[in-house]
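Dear colleague,

I am passing on the structure we spoke about, and my notes on it follow below. Please read them with the structure open beside you.

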Amino acid sequence: MPQYKSFALTAAVASFLTIAACAPSDQTNPADTATNEQTSSDDTTLASSNIVETAAASEQFSTLVAAVQAAGLVDTLSSPGPFTVFAPTNAAFDKLPAGTVASLTQPANQAALSRILTYHVVSGRVSAADLISQIAAGGGRASLVTVEGAALTASLVGGNVVITDAAGGAATVTTADLSQSNGVIHVIDTVLMPPAR
């Protein structure tokens with residue numbers, strides 16, 4: 001994996017970890033969050049923790065943290081960003097076929113795991129308001145180029161931001177705009193898969 005991709009992924013993981021530590025227990029509708037002054041793209045009040053530190057402190061991201069460690073991305077995701085991370089919870093990983101996580105975290109599958117994780121990371125700080133604006137400007141869809149190199153598609157479904165992967169798999173943003181020292185985390189309910197190579 002190119003160095004910049006590894007750096008971005010590490011930074012992204014660090015960001016979503018910080019979000020987990022600061023996230024409220026209730027789910028946040030991205031459309032509602034978009035108008036929240038504290039979590040807008042102009043927000044200057046950032047968490048002091050990085051993505052990895054926050055994720056490690058939150059039980060709901062224990063599978064993600066283990067995956068980041070297995071992929072060798074801890075240092076990268078602890079680096080400065082900014083990055084936008086679409087962070088899958090443990091429940092999101094549980095939706096994968098039995099044995100998938102155990103297989104991916106084996107040393108022989110490190111490259112494949114890194115691709116999956118970096119597919120959840122976008123360079124820059126993209127708030128829910130930014131996403132919604134891009135979706136509106138794109139006629140209902142916005143394309144997001146990931147650190148992995150392939151694109152994700154964002155759209156609005158029933159007032160929620162939905163992220164669709166290359167195979168048509170969809171993840172709903174359940175908590176938006178968790179600001180970190182090195183980016184922003186949007187918590188999602190499904191693991192996204194990059195295109196086959």
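**Contacts, burial and two helices**

In the protein chain, 77% of the contacts (heavy atoms within 4.5 Å) with a separation of 6 or more are accounted for by residues 24 or more positions apart. This is a predicted model, in which local features need pLDDT of at least 70 and side-chain atom pairs count only at pLDDT 80 or more, while totals for chains, interfaces and linings use all residues. Residues are numbered from 1 along each chain as its sequence is written, and side-chain values use heavy atoms, with hydrogens and water left out.

The secondary structure comes to 9 helices and 7 strands (DSSP runs, H or I of at least four residues for helices and E of at least two for strands, numbered from the N terminus). Of the 197 residues, 52% count as buried (under 20% relative accessible area, with exposed over 50% and partly exposed in between, using a 1.4 Å probe and protein chains only).

In helix H9, which spans residues 128–137, the buried residues are Ala128, Ala129, Leu131, Ile132 and Ile135. They lie on the same side of H9 because they cover an arc of only 160° around the axis, the arc being that of the directions from the helix axis to the C-beta atoms. Just after H9, Gly139 takes a positive phi of about 70°.

Ala66, in helix H4 (residues 62–70), counts as partly exposed because its relative accessibility is 36%. Between Ala66 and Val101 the C-alpha to C-alpha distance is 9.7 Å, with their positions 35 residues apart in sequence counted as their separation.

With best regards
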